[in-house]
Structures are given as structure tokens and as C-alpha cells.
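Here is a quick tour of one protein chain, starting with the overall picture and then moving to a few spots worth a closer look. Have the viewer open as you read.

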Amino acid sequence: MELRRSFYQFLMTLRNPNSHEEVAEFANNAFYDHSFPKQERDYDVISRYLELNGGYLSSMTIFDQAYQMYLDSEA
């Protein structure tokens with residue numbers, strides 16, 4: 001399966017400044033993370049980045065959930 005858009009592009013569709021849902025908060029915070037790998041599609045690369053730089057992410061489970069939504073949206 002060829003992913004057409006980057007994970008970041010997908011994540012930005014989930015932004016909602018008025019939401020307290022974890023995935024929306026992740027998207028909101030990633031928007032302000034100027035170092036986020038915006039063109040990346042690869043799970044491992046993004047996961048490693050977040051483990052080192054994603055202090056705004058309370059749990060990597062939130063990333064896993066968002067990444068699965070990304071894969072489902074591209075299917």
C-alpha cells in the first residue's frame with residue numbers, strides 16, 4: 001500500500017483547539033512542533049522522533065492510535 005500523504009498532513013486534519021480528546025491535543029501540539037518530521041510516512045521514524053522530542057505526548061499509545069487512523073484513512 002502506497003501512502004499518499006504524510007502522517008503530519010493527516011494529523012493536521014485532526015486538529016481541534018476546542019477538543020480535549022487525546023488525538024486532537026496531539027495534533028494541536030504537533031502543529032506547534034517546528035521540528036516535527038512533516039514529510040515522513042514511516043512509523044518507526046516518527047515514533048523515534050516522538051520518543052526523543054515529543055514531551056507534549058503523554059503516552060506513545062496516542063501516537064499508535066493516530067497512526068492506525070492514518071493507515072485506515074489511506075486504505
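## How the chain comes together

Take the contacts in the protein chain between residues at least 6 apart in sequence: 56% of them join residues at least 24 apart. Keep in mind that this is a predicted model.

The protein chain has 4 helices and 0 strands, and reading along the sequence gives the pattern α-α-α-α. For 75 residues, a compact globule would have a radius of gyration near 11 Å, and the protein chain, at 11 Å, agrees with that. Its C-alpha trace spans about 30 × 25 × 20 Å along the principal axes. As for burial, 39% of the 75 residues count as buried. The accessible surface of the protein chain amounts to about 4600 Å², and carbon and sulfur atoms account for 47% of it.

## A look at helix α3

Which residues of α3 are buried? In this helix, made of residues 43-53, they are I46, S47, Y49 and L50. Viewed down the axis of α3, these buried residues fall within an arc of 160°, so they line one face of the helix. What do they pack against? The partners are α1, α2 (22-32) and α4. Turn to the face of α3 that points away from the buried side and you find the exposed residues E51 and L52.

The start of α3 has a detail of its own: a side-chain oxygen of D42 comes to within 3.2 Å of the backbone nitrogen of D44.

## Two arginines, one glutamate

Now for the charged pairs. The structure holds 2 salt bridges, listed here with the distance between the closest N and O atoms.

| Salt bridge | Closest N and O atoms |
|---|---|
| R4 with E74 | 4.0 Å |
| R5 with E74 | 2.7 Å |

Because R4 sits in the segment before α1 (7-12) and E74 in helix α4 (residues 60-74), the R4 and E74 pair ties together parts that are 70 residues apart in sequence. The pair of R5 and E74 also links distant parts of the chain, with R5 in the segment before α1 and E74 in helix α4, 69 residues apart. Since the salt bridges share partners, R4, R5 and E74 end up joined into one network.

How buried or exposed are the members of this network? R4 is exposed, at a relative accessible area of 58%. R5 is partly exposed, with a relative accessible area of 27%. E74 is buried, its relative accessible area being 5%.

## The serine next door

S6 also lies in the segment before α1. Is S6 buried or exposed? S6 is buried, with a relative accessible area of 1%. Leaving aside residues up to four places away in sequence, S6 touches K38, Q39, E40, R41 and Y70. With K38 there is a polar link too: the side chain of S6 reaches the backbone oxygen of K38 at 2.7 Å.

So what does the segment before α1 bring together? Among its residues are R4, which forms a salt bridge with E74 of helix α4, and S6, whose side chain reaches K38.

Key. Residues numbered from 1 in each chain as written. Predicted model: local features only at pLDDT ≥ 70, side-chain atom pairs only at ≥ 80, totals over all residues. Heavy atoms only, no water. Salt bridge = Lys/Arg side-chain N within 4 Å of Asp/Glu carboxyl O. Helix = DSSP H or I, 4+ residues; strand = E, 2+ residues; numbered from the N terminus. Buried < 20%, exposed > 50% of the residue type's maximum accessible area, 1.4 Å probe, protein only. Arc of directions from axis to C-beta. Contact = heavy atoms within 4.5 Å. Polar contact = N/O pair within 3.5 Å; in protein donor to acceptor, adjacent residues only side chain to side chain. Rg over C-alpha atoms; globule rule 2.2 N^0.38 Å. Areas by Shrake-Rupley, 256 points an atom, 1.4 Å probe, with all protein chains shown as cover.
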